[in-house]
Amino acid sequence: WEEAHRGMSQRELEQERREMVELTTLVIALLRITLGNVNIPATTALQALDSVGREKALSRGANVVMPIVTPSHFRKQYQLYEGKPCLEDTAPQCASCLDRRVTWAGKSVALFDWGDPPSYAPRFPPPPLPHNATLT
C-alpha cells in the first residue's frame, strides 16, 4: 500500500483509504440488493484501511466474517497486505473481538451454523453423477 502510493501526503493517503472503503462498501450494498441472499464477506482488508471497515461492510450488506485462526507465531509469514490487523491476537482474543465488532454493527454471530445461504441448495442442485461414478 505505502509503496504503491509513494509520494502522496498523509492527508492524500487517508483520503484514498476513505474512498476505497466507501467504494467497496457501496459495491457490497449493490451486491446485497441485486443478488439477495448470498454470502458477502466483511474482510480484514477493510479493517486495515479503516479501523471500523468490517463494521461498515456488515452494516451495508456483508454477512460473513472470518476469524483469524492461524497460530500467532505463523501469522506474520502469511500477510497478504500491509497493515493486516490482529497479528498478535490469540484465536480466543480474535473470536471475542469479532463478537464485539459484529454486535457493534447491529448483527449477531451465528456460531456453528452452516454457512451457505438458505437459497443456495434449491437454486443450485448438485450436478448428476456420470453413469459409471461411485460415491466413496
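**Exercise 1. Determine what share of the contacts between residues at least 6 apart in sequence joins residues at least 24 apart.**

Solution. A contact requires heavy atoms within 4.5 Å. Among contacts between residues at least 6 apart in sequence, 52% join residues at least 24 apart. The structure is a predicted model, in which local features need pLDDT of at least 70 and side-chain atom pairs count only at pLDDT 80 or more, while totals for chains, interfaces and linings use all residues. Residues are numbered from 1 along each chain as its sequence is written, and side-chain values use heavy atoms, with hydrogens and water left out.

**Exercise 2. State the secondary-structure content, then test the span of helix 1.**

Solution. Step one: helices (H or I, at least four residues) and strands (E, at least two) are taken as DSSP runs, numbered from the N terminus. The protein has six helices and zero strands, which gives the pattern α-α-α-α-α-α along the sequence.

Step two: the expected span of a helix is 1.5 Å times one less than its number of residues. For the 26 residues of helix 1 this should come to 38 Å, and the end C-alpha atoms lie 37 Å apart, in agreement.

Step three: after helix 1 comes Gly36, which has a positive phi near 70°.

**Exercise 3. Identify the buried residues of helix 1 and the helices against which they pack.**

Solution. Step one: a residue is buried under 20% relative accessible area, exposed over 50%, and partly exposed in between (1.4 Å probe, protein chains only). Of the 136 residues in the protein, 24% are buried.

Step two: in helix 1 the buried residues are Leu13, Arg17, Val21, Thr25 and Ile28. The buried residues of this helix pack against helix 2 (44-49) and helix 3.

**Exercise 4. Find the nonpolar surface patch and place Val27 within the structure.**

Solution. Step one: accessible areas come from the Shrake-Rupley method with a 1.4 Å probe; for residues, only the protein chains shown count as cover. The accessible surface of the protein is about 9,800 Å², with 61% belonging to carbon and sulfur atoms.

Step two: patches are made of residues with over 30% relative accessible area and no salt bridge, like charges being joined within 9 Å and nonpolar side chains (Val, Leu, Ile, Met, Phe, Trp, Tyr) within 5 Å. Leu23, Leu26, Val27, Leu30, Leu31, Ile33 and Leu35 make a nonpolar patch of about 650 Å².

Step three: Val27 lies in helix 1 (residues 10-35), and its relative accessible area of 40% makes this residue partly exposed.

**Exercise 5. Count the salt bridges and describe each pair.**

Solution. Step one: a salt bridge is a side-chain nitrogen of Lys or Arg within 4 Å of a carboxyl oxygen of Asp or Glu. By this rule there are three salt bridges.

Step two: Arg60 and Glu22 form a salt bridge at 3.2 Å, N to O. This pair links distant parts of the chain, 38 residues apart: Arg60 is in the loop between helix 3 (53-59) and helix 4 (72-75), and Glu22 is in helix 1. Arg60 is partly exposed at 31%, and Glu22 is partly exposed at 40%.

Step three: Glu55 and Arg101 have their closest N and O atoms 2.6 Å apart. They too link distant parts of the chain, with Glu55 in helix 3 and Arg101 in helix 5 (residues 91-104), 46 residues apart. Glu55 is buried at 4% relative accessible area, and Arg101 is buried at 18%.

Step four: Asp50 pairs with Lys56 in a salt bridge whose closest N and O atoms are 2.6 Å apart. Asp50 is buried at 15%, whereas Lys56 is partly exposed at 24%.
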